[in-house]
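Student: I should like a close look at a single part of this model, if you would be so kind. Please choose one place where helices meet, describe it carefully, and then show me how the rest of the picture is built.

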Amino acid sequence: MAEESDAEKTEPASAKRLEQAREEGDVPRSREVATFTVLMVAGAGLWLTGSSLVRQLRSAMVSGLALDQEQIFHADVLLTRIGMDVGRVLLACLPLGLAVMVVALASPLLVGGWLFSGKAITPNFGKLNPIKGLSNLVSPNALVELLKAIAKTLLVGFVAWLVVMKQKDAVLGLAVEPLKLGSVHLLDMIAMSFLFIVGALGLIAAVDGPYQMWHYANKLKMTRQEMIQESKESDGNPQIKAKIRQMQREMAKRRMMADVPTADVVVTNPTHYAVALKYADGSRGAPRVVAKGTDEVAAKIREIAKENKVAILEAPPLARALHKHTEIGDEIPEALYAAVAEVLAYVFQLRMFSKQGGHRPDTPTKLDVPPELDPLNPAYAGRGKLNDTNNGAPA
């Protein structure tokens with residue numbers, strides 16, 4: 001099968017890309033959902049508070065039309081009266097207005113969430129490009145918006161026709177009802193009709209909300225090359241990171257090799273392993289590993305040790321155990337104290353022999369290395385590194 005083209009946007013948007021889009025004011029939005037929720041709450045509020053609202057508005061109207069002689073001939077008194085009547089009207093409409101305002105502010109939480117971005121209101125003269133504007137008119141998104149507008153017109157028109165036909169007799173009956181009762185009845189009919197018509201918009205909103213989320217995610221999809229480039233910018237170029245790690249290993253290796261001449265002894269396998277140990281006189285701690293390695297590194301440690309006249313002892317089980325269970329700078333495990341002590345005793349005796357002569361010390365051949373610490377011993381059975389806090393017991 002042919003390999004997928006890197007130019008195709010097949011990868012979901014990364015967290016960084018989503019965050020950049022939010023910073024630029026680009027989030028999913030559904031005008032249908034926002035319009036539906038606001039209109040539905042307004043209609044429900046009008047239906048629930050309709051009777052009380054009509055009474056308060058009627059009272060305010062009657063009060064506003066009843067003027068006495070003093071109010072007519074004194075402008076100050078008239079303005080005060082008008083201000084009081086306007087205040088009563090605003091107070092009557094306050095609960096409905098607050099409900100609509102709260103819903104208008106909360107509706108963005110349904111799709112996209114709240115967003116405050118200065119970039120969204122920054123002038124962008126590129127949007128005035130007529131060629132780009134014409135291309136937007138024939139885009140898939142423009143076609144979807146056209147279909148939504150047609151669907152809204154047909155659906156709302158059909159529901160409105162059904163509501164009007166159902167309440168036709170009730171509307172004609174308002175002519176014979178008293179004014180007070182007829183006003184309340186008319187407002188209830190308007191509110192009920194409003195709710196049914198707005199309810200039809202709920203079908204459009206139920207489809208538009210998920211579509212806008214899908215369209216937003218699809219719009220922000222990335223190509224494989226963009227994903228690779230972003231990964232390089234965020235985490236660094238893998239090749240550069242690998243080069244840095246290589247340089248760090250080389251520096252650590254050079255520092256390790258520089259410590260080999262200070263070692264007291266190098267324990268070898270004899271060819272595959274080499275571990276350099278140092279014991280500080282007067283120190284309460286155990287001997288420490290100053291260098292270790294295998295194969296070529298082990299050969300280099302032995303070479304430097306020979307050049308600097310550092311004692312080299314072939315003790316394969318001990319070399320393997322030290323290499324497996326220690327890191328550079330660590331003290332030796334407690335379980336290897338006896339074996340290392342015997343090695344150091346031999347090294348110190350060898351130094352005395354080199355200075356004073358006499359009987360050359362015998363090279364230790366049977367060191368006390370627990371079989372379970374030697375990686376090549378059948379008793380080892382894949383044990384991990386020793387934990388210094390458990391008195392040398394295998395981890």
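Tutor: Let us start from one crossing: helix α3 passes helix α9 in a right-handed crossing. Please keep in mind throughout that this is a predicted model. The axes of α3 (residues 50-65) and α9 come within 9 Å and cross at roughly 135°. An angle over 145 degrees would count as roughly antiparallel, and 65 to 115 as roughly perpendicular; the crossing angle therefore makes α3 oblique to α9. On the α3 side the contact is made by G50, S51, V54 and R58, and on the α9 side by K180, S183, V184 and L187. Sorted by class, this contact of α3 with α9 has three nonpolar, three polar and two charged residues.

Helix α9 (residues 179-219) also meets helix α7 (residues 140-166), and their axes come within 8 Å and cross at roughly 160°. Because this angle is over 145 degrees, α7 is roughly antiparallel to α9. The crossing of α7 and α9 is right-handed. In α7 the residues in contact are N141, V144, E145, K148, A151, K152, L155, V156, V159, A160 and V163. They meet S193, F196, I197, A200, L201, L203, I204, D208, Y211, Q212 and H215 of α9. By class, the contact of α7 with α9 has 14 nonpolar, four polar and four charged residues.

The database record may be set beside these helices. An unreviewed UniProt entry carries the annotation "transmembrane region" for residues 33-54, 89-116, 146-165 and 186-207. Over residues 33-54 the chain is 95% helix and 0% strand, with end C-alpha atoms 30 Å apart. Over residues 146-165 the chain is 100% helix and 0% strand, and here the end C-alpha atoms are 29 Å apart.

We may now turn to the strands. Four of them form an open sheet in the order β3-β2-β1-β4, with mixed pairing. At the edges stand β3 (288-294) and β4 (311-314); each has a single partner strand, so one side of each is left without a neighbour in the sheet. On average, neighbouring strands of this sheet are turned by 20° against each other, direction ignored.

The pairings can be followed one by one. Strands β2 and β3 run antiparallel and are joined by six bridges, and K278 stands opposite R288 in β3. Strands β1 and β2 are also antiparallel, with four bridges between them; the bridge partner of V265 in β2 is L277. These two strands, β1 and β2, form a hairpin with four residues between them. By contrast, β1 (residues 265-268) and β4 run parallel, joined by four bridges. In β4, L313 is the bridge partner of V267.

Two helices complete the view of the sheet. Helix α12 (residues 295-307) lies across β1, β2 (273-278), β3 and β4, and runs at about 130° to β3. Helix α13 (residues 316-325) packs on the sheet as well, touching β1, β2, β3 and β4, and its direction makes about 75° with that of β2.

To return to your request, the place to study is α9: there α3 is oblique to α9, whereas α7 is roughly antiparallel to α9.

Methods. Residues are numbered from 1 along each chain as its sequence is written. This is a predicted model: local features need pLDDT of at least 70, side-chain atom pairs count only at pLDDT 80 or more; totals for chains, interfaces and linings use all residues. Side-chain values use heavy atoms; hydrogens and water are left out. Two strands pair if DSSP finds at least two bridges between them. Axes are lines fitted to C-alpha atoms, for helices over the stretch in contact, and angles run from 0 to 180 degrees between N-to-C directions. Contact means heavy atoms within 4.5 Å. Angles under 35 degrees count as roughly parallel, over 145 as roughly antiparallel, 65 to 115 as roughly perpendicular and the rest as oblique. A crossing is left-handed if the near helix is turned anticlockwise from the far one by less than a right angle, and right-handed if clockwise. Ala, Val, Leu, Ile, Met, Phe, Trp, Tyr, Cys and Pro count as nonpolar, Asp, Glu, Lys and Arg as charged, and the others, Gly among them, as polar. UniProt positions are given in the numbering used here, feature names are shortened, and annotations may be inferred rather than shown by experiment.
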